[in-house]
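Please open the structure in your viewer and keep the sequence beside it. The tour below goes from one selection to the next and says what is found at each stop.

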Amino acid sequence: MGKLSKKIIFALILILPAFALIGIGYNTENNTVIIIGLLIIVLENIVLTSDIVKYALKDMKCWREKYYNIWCANGIDTKDFESVKIPLSMERRIFIVIFLRQILIVAFVILCVLVFMWVGPIKMIHYDSMKGLVAGDFYRSYKARRAAGAGTLIFMFLSPFILPILAYCITNAIYILRTISDRKYLACRAIIKCIDSNGMHIIHDGKIYRNKNYTLIGVQKKQMRDIPVTIVFIPEEVLVLPNVLSDESD
C-alpha cells in the first residue's frame, strides 16, 4: 500500500472523532468544540493536498511514455506517426478548447461541494432552527431533517478530500495548459481507420489500435474514415485535428 493510500485511510479514520466533536459541540452549543472538530478537517485537507499535488505532478511526468505504450510506438516520426508542426492559429484553438474544458471540470467540482453543503449542513441548521411547527408540518419537517442529516453525514466524510480534489484538478489543468503553451505536446500525422462507439481506431504497423479518450477539434466524427489527420498528444488526452501538411507548418 502506497504512502498516499495510507494517508487517505488515516483521514477517513480521523474524520470520525472530528465528526463526533462537531456533533457534540452543535448539540451543546459549545463553539470551541465545533472549532476543534473543524480544525481537524482543515489539517487533513492541508496534509492530503500536499501529497495529492506531488502525486499529480509525478503522474504527469510520464505522459509521453503512456501514449507510446497505448499505440505500441517507439516515438513520433515513425512510419505511421509522421511528426508535424502545428500552426499558431490551430495551437491557439487547442489552448482555448482545453482551457474551457478544465474550467468546467473545476467548476463542476465546486458546484458538487456547494450542492452537498446546501442539502446537508445548511438544510440541517435551517430545520433545527425552526420553532412552533404545527402537527401537519411536523412529519414533513422530520423527513426533511432526516434527509438533511444524511446529506450532512456524506458531506462530513467527503470533507477531508474537498481541497485535495480541487488541488488535483487545478494542478492537472495548469500542467496541461503549460504543455500546450510551451509547445511540449506531441503532434503527428496519422491515418484514422474510423471512429465508432468503441473509440478512435488508428492504423499503426499494419494493425489497428483503439483509444476512447479523444477530442475532435475542427473535424466531424462522420468524416473520420480512412483519412489522414493531425493527432496531438497532451497529458490525459488525444486531440484530433484537420491534417497539417508539411509545407503549411513552417
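## First stop: Glu91 and its partner

Begin by selecting Glu91, which is buried, with a relative accessible area of 9%. The model you are looking at is predicted, and every value on this tour is computed from it. Now add Arg183 to the selection: the side chains of Arg183 and Glu91 meet in a salt bridge, with 3.1 Å from N to O. This pair links distant parts of the chain, since Glu91 belongs to helix H4 (residues 88-128) while Arg183 sits in the loop between H6 and strand S2 (186-196), 92 residues apart. In contrast to buried Glu91, Arg183 counts as partly exposed, because its relative accessibility is 42% and the partly exposed class runs between 20% and 50%. Stay on Arg183 for its backbone as well, where phi is positive at about 60° although the residue is not a glycine. Arg183 follows helix H6, and that helix is worth a visit of its own.

## Helix H6

Select residues 162-181 to show helix H6, which has 20 residues. At 1.5 Å a residue this helix should span 28 Å, and its end C-alpha atoms are 29 Å apart, which agrees. Colouring the buried residues of H6 will pick out Ile162, Pro164, Leu166, Ala167, Cys169, Thr171, Asn172, Ala173, Ile176, Leu177, Thr179 and Ile180.

Next, show the side chains of Arg178 and Asp182, which meet in a salt bridge with 3.9 Å from N to O. Arg178 counts as exposed, with a relative accessibility of 53%, whereas Asp182 counts as partly exposed at 38%.

Before leaving H6, select Ile174 together with Phe99, whose C-alpha atoms are separated by 9.2 Å although the two residues are 75 residues apart along the chain. Phe99 lies in helix H4 and counts as partly exposed, its relative accessibility being 37%.

## The second largest pocket

Which residues line the second largest pocket? Select Leu57, Trp63, Arg64, Thr171, Ile174, Tyr175, Arg178, Thr179, Asp182 and Lys184, and the lining is in view. Both Arg178 and Asp182, the salt-bridge pair from the previous stop, are among these lining residues. Helix H3 (63-71) and H6 each supply at least two residues of the lining, and the largest share, 5 residues, comes from H6. The volume of this pocket is about 200 Å³.

## Glu237, Arg101 and Thr215

Move on to Glu237 and Arg101, which form a salt bridge in which the closest N and O atoms are 2.2 Å apart. Glu237 lies in strand S7 (residues 237-241) and Arg101 in helix H4, so the pair ties together parts that are 136 residues apart in sequence. Is each partner buried or exposed? Glu237 is buried, with a relative accessible area of 8%, while Arg101 is partly exposed, with a relative accessible area of 31%.

Keep both residues displayed and add Thr215, which lies in strand S5 (residues 214-216). Leaving aside residues up to four places away in sequence, Thr215 touches Arg101, Glu237, Val238, Leu239 and Val240, so that both members of the salt bridge are among the contacts of this residue. Thr215 itself counts as buried, at 8% relative accessibility.

One further selection here is Glu236, in the loop between strand S6 (225-234) and S7. Phi of Glu236 is near 70°, a positive value in a residue other than glycine, and Glu236 counts as partly exposed at 39% relative accessibility.

## Stepping back to the whole chain

Finally, clear the selections and show the protein chain as a cartoon, in which the secondary structure comes to 6 helices and 7 strands. Read along the sequence, these elements follow the pattern α-α-α-β-α-α-α-β-β-β-β-β-β. The chain has 250 residues, of which buried residues make up 38%, and the chain exposes about 15000 Å², with carbon and sulfur atoms supplying 65% of that area. Among the contacts with a separation of 6 or more, 73% are between residues 24 or more positions apart. A search of the whole structure finds 4 salt bridges, including those of Arg183 with Glu91, Glu237 with Arg101, and Arg178 with Asp182.

Key
Residues are numbered from 1 along each chain as its sequence is written. This is a predicted model: local features need pLDDT of at least 70, side-chain atom pairs count only at pLDDT 80 or more; totals for chains, interfaces and linings use all residues. Side-chain values use heavy atoms; hydrogens and water are left out. Helices (H or I, at least four residues) and strands (E, at least two) are DSSP runs, numbered from the N terminus. The expected span of a helix is 1.5 Å times one less than its number of residues. Buried means under 20% relative accessible area, exposed over 50%, partly exposed in between (1.4 Å probe, protein chains only). Contact means heavy atoms within 4.5 Å. Accessible areas come from the Shrake-Rupley method with a 1.4 Å probe; for residues, only the protein chains shown count as cover. On a 1 Å grid over the protein atoms alone, a cavity is a set of points where a 1.4 Å probe fits but cannot get out, and a pocket is an open set with protein on both sides within 12 Å along at least five of seven lines; lining residues have an atom within 4 Å of a point. Grid points are joined across faces, edges and corners, and a volume is the space filled by probe spheres set on the points.
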